[in-house]
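I opened this notebook page to record a set of look-ups in one model. The entries below follow the order in which I made them.

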Amino acid sequence: MAPKRKAAASAAARKRKAPPSDWRTPIFYWRGAISGAEWTGTWVASAAGLPRDAEFKESANTFSLRCSQPIMSLVDEEDREVKTAHFTGSYKLDNGEGLADYEDVEHSIAVCFGPEWASVAARGTTEFGDFVSLGKLHDGASQGGYQTLTLARRYIADGDPRTAMNATSVLARVEAEDSFAGEHPWLALPWKVPSS
């Protein structure tokens with residue numbers, strides 16, 4: 001009869017086999033107010049879906065970005081062509097040594113008009129890696145202009161096929177999945193980090 005293994009040894013073996021956690025696993029939700037070319041707000045990392053309003057309000061992870069043109073100029077009810085622009089600015093991140101300012105190396109966006117919201121996509125690079133984002137301009141359409149922009153940012157690995165996408169091709173995912181992705185555009189892009 002074979003000797004029984006100790007429970008502790010098998011637990012240790014399972015622990016060794018568990019893959020290391022990947023910092024890219026959560027989605028980083030950015031939400032803020034727009035005013036002219038400015039977009040300011042907070043971001044929250046979540047693996048459980050869109051954070052609650054209170055989580056955005058309580059977050060110390062603030063950002064202040066400036067668009068290459070007034071954001072509302074990208075939304076034209078008469079001209080429904082996709083418009084593109086670039087963001088610059090900084091965001092707060094605690095990378096283990098307290099909150100510090102960081103900047104995206106590159107951050108381009110594409111916008112497509114909608115009657116209740118406008119779909120927005122982004123593609124960019126940071127010192128930590130590349131990212132793709134999907135979201136929407138919303139709130140206040142009936143008052144003559146959107147007031148809030150929410151983008152869900154997914155960081156992607158170097159070999160990920162999404163590194164070949166630009167903001168316009170990311171936005172095309174919303175149009176392809178229009179039946180369910182309009183109100184929650186971030187659902188249109190496969191957000192799962194591919195296993196290597």
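Entry 1, charge over rings. I count a charge as sitting over a ring if NZ of Lys or CZ of Arg is within 6 Å of the ring centre and within 35 degrees of the ring normal. The model I am reading is a predicted one. I looked up R153 and found that R153 lies over the face of Y91, at 6.0 Å from the ring centre. R153 also lies over the face of F131, where the distance to the ring centre is 3.6 Å.

Entry 2, aromatic pairs. Y91 and F131 turned up again in a cluster joined by ring pairs. The other members I noted are F28, W30, W39, W43, F63, F87, Y102, F128 and Y155. How many aromatic pairs does the count come to? I recorded 11 aromatic pairs.

I then examined the pair of F28 and Y155, which is edge-to-face. The ring centres of F28 and Y155 are 5.3 Å apart, with 85° between the planes. F28 belongs to strand β1 (residues 27-35) and Y155 to strand β9, so this pair ties together parts that are 127 residues apart in sequence. I noted both F28 and Y155 as buried.

Next I took Y102 and F128. Their ring centres lie 5.4 Å apart and their planes meet at 55°, so I entered the pair as tilted. This pair links distant parts of the chain, 26 residues apart. Y102 is in strand β5 (residues 99-102), while F128 is in the loop between β7 (118-126) and β8 (129-138). Are Y102 and F128 buried or exposed? Y102 has a relative accessible area of 15% and is therefore buried. F128 is partly exposed, because its relative accessible area is 28%.

Entry 3, the surroundings of T150. I located T150 in strand β9, which spans residues 148-156. T150 counts as buried because its relative accessibility is 0%. Which side chains make polar contacts with that of T150? I found one polar contact of 3.0 Å between the side chains of T150 and R31. A second look-up gave a polar contact of 2.8 Å between the side chains of T150 and H138.

I also listed the contacts of T150, leaving aside its neighbours within four places in sequence. R31 and H138 are both on that list, together with W30, L50, L134, G135, K136 and W186. W30, a contact of T150, is also a member of the aromatic cluster in Entry 2.

How values were computed:
Residues numbered from 1 in each chain as written. Predicted model: local features only at pLDDT ≥ 70, side-chain atom pairs only at ≥ 80, totals over all residues. Heavy atoms only, no water. Helix = DSSP H or I, 4+ residues; strand = E, 2+ residues; numbered from the N terminus. Buried < 20%, exposed > 50% of the residue type's maximum accessible area, 1.4 Å probe, protein only. Polar contact = N/O pair within 3.5 Å; in protein donor to acceptor, adjacent residues only side chain to side chain. Contact = heavy atoms within 4.5 Å. Phe/Tyr/Trp six-rings, centres within 6.5 Å; stacked < 30°, edge-to-face > 60°.
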